[in-house]
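Subject: Handover of a structure and its findings

Dear colleague,

Please find below the structure that I am handing over to you. I would be grateful if you kept it open while reading the notes that come after it.

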Amino acid sequence: MVKMNRDIKDDLRWRTGVVLENKGYHSTAVIRADIEAKRISIYVNGNQRRDYFSVILQMFREINNSFEKLKAIEKNSIA
């Protein structure tokens, strides 16, 4: 999440995750990696959560596409 470091909320980051906040979208996001399951989860809350989620997802897509042999699978789960 280095590319989105400007959005890190109050230095809330740890080895496998980060809390992001975007005041323009009035939204926050929690991004967590599960190393064993090889999964990254993104939870977004706020007034424009869909828009902020789209920005985060686009960033992940750009990163994933920069690795030729990486096969990333997107799964949607609305809880």
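The notes below go through the strands, the core, the largest pocket and the salt bridges in turn. Please bear in mind that this is a predicted model.

**Strands and hairpins**

The strands β1 and β2 are paired in the antiparallel sense, with three bridges between them. Together they make a hairpin in which two residues separate the strands. To see one of the contacts, please find I8, whose bridge partner in β2 is L20. The loop between β1 and β2 contains R15. R15 counts as exposed, since its relative accessibility is 77%. R15 and R32 are 17 residues apart in sequence, and their C-alpha atoms are 9.3 Å apart in space.

A second antiparallel pairing joins β3 and β4, this time over eight bridges. Here, A29 stands opposite V44 in β4. These two strands also form a hairpin, with four residues between them. In its turn, K38 has a positive phi of about 55°.

**The nonpolar core**

Which residues make up the largest nonpolar core? There are ten of them: M4, V18, L20, A29, I31, V44, Y52, I56, M59 and F60. At least two residues of this core come from each of β2 (17-22), β3 (27-34) and α1 (49-65). The element that gives the most is α1, with four residues. As background, nonpolar side chains tend to be buried together in soluble globular proteins. Some names will be familiar from the strands: L20 belongs to the core and is the bridge partner of I8. A29 and V44 are both core residues, and they stand opposite each other in the pairing described above.

**The largest pocket**

The largest pocket holds about 1700 Å³ of space. Its lining consists of 42 residues, and those nearest the centre of the pocket are I40, S41, I42, F53 and K75. Which elements each supply at least two residues of the lining? They are β1 (8-14), β2, β3, β4 (39-46) and α1. Of the lining residues, nine come from α1, which gives the most. The helix α1 therefore gives the most both to the core and to the lining of this pocket. By type, the lining divides into 23 nonpolar, seven polar and twelve charged residues.

**Salt bridges**

How many salt bridges does the structure hold? There are two. In general, side chains of opposite charge can pair when their charged atoms come close.

- D11 pairs with R13, and their closest N and O atoms are 3.0 Å apart. D11 is exposed, with a relative accessible area of 51%, and R13 is exposed as well, at 52%.
- K23 pairs with E21, at 4.0 Å from N to O. K23 is exposed, with a relative accessible area of 64%. E21 counts as partly exposed because its relative accessibility is 26%, which lies between the cut-offs of 20% and 50%.

To follow these notes on the model, you may wish to begin with the two hairpins, then turn to the core and the pocket, and end with the charged pairs.

With kind regards,
Your colleague

Methods: Residues numbered from 1 in each chain as written. Predicted model: local features only at pLDDT ≥ 70, side-chain atom pairs only at ≥ 80, totals over all residues. Heavy atoms only, no water. Salt bridge = Lys/Arg side-chain N within 4 Å of Asp/Glu carboxyl O. Buried < 20%, exposed > 50% of the residue type's maximum accessible area, 1.4 Å probe, protein only. Core = buried A, V, L, I, M, F, W, Y, C linked by side-chain atoms within 4.5 Å. 1 Å grid on protein atoms, 1.4 Å probe; cavity = no way out; pocket = protein on both sides within 12 Å on 5 of 7 lines; lining within 4 Å. Points joined across faces, edges and corners; volume = space filled by probe spheres on them. Nonpolar A, V, L, I, M, F, W, Y, C, P; charged D, E, K, R; others polar. Pairing = 2+ DSSP bridges.
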